[in-house]
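The exercises below ask you to read geometric descriptors off a protein model and to reason from them step by step. Please keep the model open while you work through each solution.

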Amino acid sequence: MEMLKKERNYDFRKRLLQIHKKDHRDLRLTAHPDELALTDGFRIILPQGYGEVLYIAALDFIDYLFVSMRVSACLSEDTGSTETNSLRLLVDRRFGEENAAGAYRVAVGQDIVLTAGDERGLAQALYYLEDVMNLRRAPFLPRRVVTRQHMFNMRATLSGYGIDLYPDAYLARLAHAGITVIFLWIKDLNETLLGHLDFNELGYRASRYGIDLYITSYAHHQVHPDDEGAQAYYDNMYGRLFAACPYLKGVKILGEACQFSSRDPHVGLAPHTANQIDGIPTGKISPGWWPCTDWPDLVRMIQKAACKVRPDADIILCSYNWGWAPEEERVRLINDLPEDISLMVTWEMFEHYKLGDVDEVCCDYTIRIPGPGAYFLSEAAAATRRGIKVYATANTTGRTWDYGVIPYM
């Protein structure tokens, strides 16, 4: 029986920071007649006035060719001359207006031309070329014209490197996977669950890879929306955050993290542990686990505070914690939400299934149930009727909770 390799704690991070697989090329392979072979001296041509996202992506592509495909390439700026053995990058705003966000066109003939509506789209086009060559195990590309677009206009993640830790190489890896948003768990301005973190420094570094910054607040929301001075309190809490962090694009309001002091008669105190006397549970649940009648008031107050500073701030209410509650209660909450916010719903959570003779309920994310679940469908339908944007909490890549407790997996 083969033994698993022993590793030091967190050795997996070394693999996360290795973006390109070394010597992936199979030197025995030769190009087919309908393929373009990339050879030494290959030139990546940037458009004049290029920005950081495209420059970083082009450097990444050069690194990929050298590390994985043993091809030495160089970088230059467009002078209008015709080049062979080259890849030309074009930003065409009209292409962006005529196609879905993030779409790009790949044209491979005697040379390569990549076209997108913005630099983020071009970066994804370069990552696509890497995928094609990785599958081929050679620096050969089929001669064809293809237009591609994202299946999702936003893909967000928490850090798999370590909570709220995002080194540059890991950001690059996320960009290759099509991630467009990273989340932070925060307690206050420049303060995460782990301690001090310069949000703007992280936001700047993430922006260089075409990735936006969102936050989930893990602070106690001590003032009820109906209390005197509530708006000033939330202006200081959220307006101050957006004013200080120009890279911050949105905030997710999550029940268990929000610690909201609701006045809904169905619930007790926040946090969850407060609902006991002498260690004995009172039977009341925390507001974070119920679609309280005053959640819409809190969302409205946070939205007003943020949008005073950032009119396009993406305010997301996540119903993850109360998807088990009666549908009429959840739909009532959605019907009371303010306009121009987003709703985040978990894709397959709370679905019932049999495990042998045992009745089970899906917790979080599973490959057992393809989904969508009844909870997701009910809330997505209600939000659609209101014209509210819906995000799905779903595993689009990586492991699910089916193996979440197995460290080596």
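Four exercises follow, each with a worked solution, and all of them concern a predicted model.

**Exercise 1. Overall description**

Describe the extent, the secondary structure and the burial of the protein chain.

Solution. Begin with the extent: taken along the principal axes, the C-alpha atoms of the protein chain fill a box of roughly 75 × 60 × 40 Å. Next, take the secondary structure, which comes to 11 helices and 21 strands. Then turn to burial, where 48% of the 409 residues count as buried. Finally, consider the contacts between residues at least 6 apart in sequence, of which 73% join residues at least 24 apart.

**Exercise 2. A helix pair**

Determine how helix 7 and helix 9 are oriented towards each other, and state which residues meet where they pack.

Solution. Two packed helices are described by the angle between their axes and by the distance between those axes, so both quantities are needed at the outset. For helix 7 (residues 230-244) and helix 9 (residues 295-309), the angle is about 45 degrees and the axes lie 8 Å apart. Roughly parallel would require an angle under 35 degrees, and roughly perpendicular one of 65 to 115 degrees; helix 7 and helix 9 are therefore oblique to each other. The handedness comes next, and helix 7 passes helix 9 in a right-handed crossing.

The last step is the contact itself. On the side of helix 7, the residues are Ala230, Gln231, Tyr234, Asp235, Tyr238, Gly239, Phe242 and Ala243, and they meet Leu298, Met301, Ile302, Lys304, Ala305, Ala306, Lys308 and Val309 of helix 9. Sorted by character, the residues of this contact comprise 11 nonpolar, two polar and three charged.

**Exercise 3. A sheet and the helices on it**

Work out the strand order of the six-stranded open sheet, identify its edges, and describe how helix 2 and helix 4 lie against its strands.

Solution. The order of the six strands is 3-2-4-6-5-8, and the pairing is mixed. The edges are strand 3 and strand 8 (145-148), each of which pairs on one side only. Averaged over neighbouring strands and with direction ignored, the turn of one strand against the next is 15 degrees.

For a closer view of one pair, take strand 5 (residues 104-108) and strand 8, which run antiparallel and are joined by four bridges; here Arg105 stands opposite Thr147 of strand 8. Helix 2 packs on the sheet and touches strand 2 (42-46), strand 3 and strand 4 (86-91), while its direction makes about 175 degrees with that of strand 2. Helix 4 (residues 119-136) lies across strand 4, strand 5, strand 6 (112-116) and strand 8, and runs at about 140 degrees to strand 6.

**Exercise 4. Backbone details in loops**

Locate Arg70, Asn190 and Pro372, and say what is notable about the backbone at each.

Solution. Start with Arg70, which is found in the loop between helix 2 (52-69) and strand 3 (73-77). Although Arg70 is not a glycine, its phi is positive, at about 55 degrees, and the residue is partly exposed with a relative accessible area of 46%. Continue with Asn190, in the loop between strand 10 (181-188) and strand 11 (191-192), where a residue that is not a glycine again has a positive phi, of about 60 degrees. Asn190 is partly exposed, with a relative accessible area of 22%. Pro372 lies in the loop between strand 20 (358-361) and helix 11 (374-386), and the peptide bond that joins Gly371 and Pro372 is cis, with omega about 0 degrees.

Technical notes: Residues are numbered from 1 along each chain as its sequence is written. This is a predicted model: local features need pLDDT of at least 70, side-chain atom pairs count only at pLDDT 80 or more; totals for chains, interfaces and linings use all residues. Side-chain values use heavy atoms; hydrogens and water are left out. Axes are lines fitted to C-alpha atoms, for helices over the stretch in contact, and angles run from 0 to 180 degrees between N-to-C directions. Helices (H or I, at least four residues) and strands (E, at least two) are DSSP runs, numbered from the N terminus. Angles under 35 degrees count as roughly parallel, over 145 as roughly antiparallel, 65 to 115 as roughly perpendicular and the rest as oblique. A crossing is left-handed if the near helix is turned anticlockwise from the far one by less than a right angle, and right-handed if clockwise. Contact means heavy atoms within 4.5 Å. Ala, Val, Leu, Ile, Met, Phe, Trp, Tyr, Cys and Pro count as nonpolar, Asp, Glu, Lys and Arg as charged, and the others, Gly among them, as polar. Buried means under 20% relative accessible area, exposed over 50%, partly exposed in between (1.4 Å probe, protein chains only). Two strands pair if DSSP finds at least two bridges between them.
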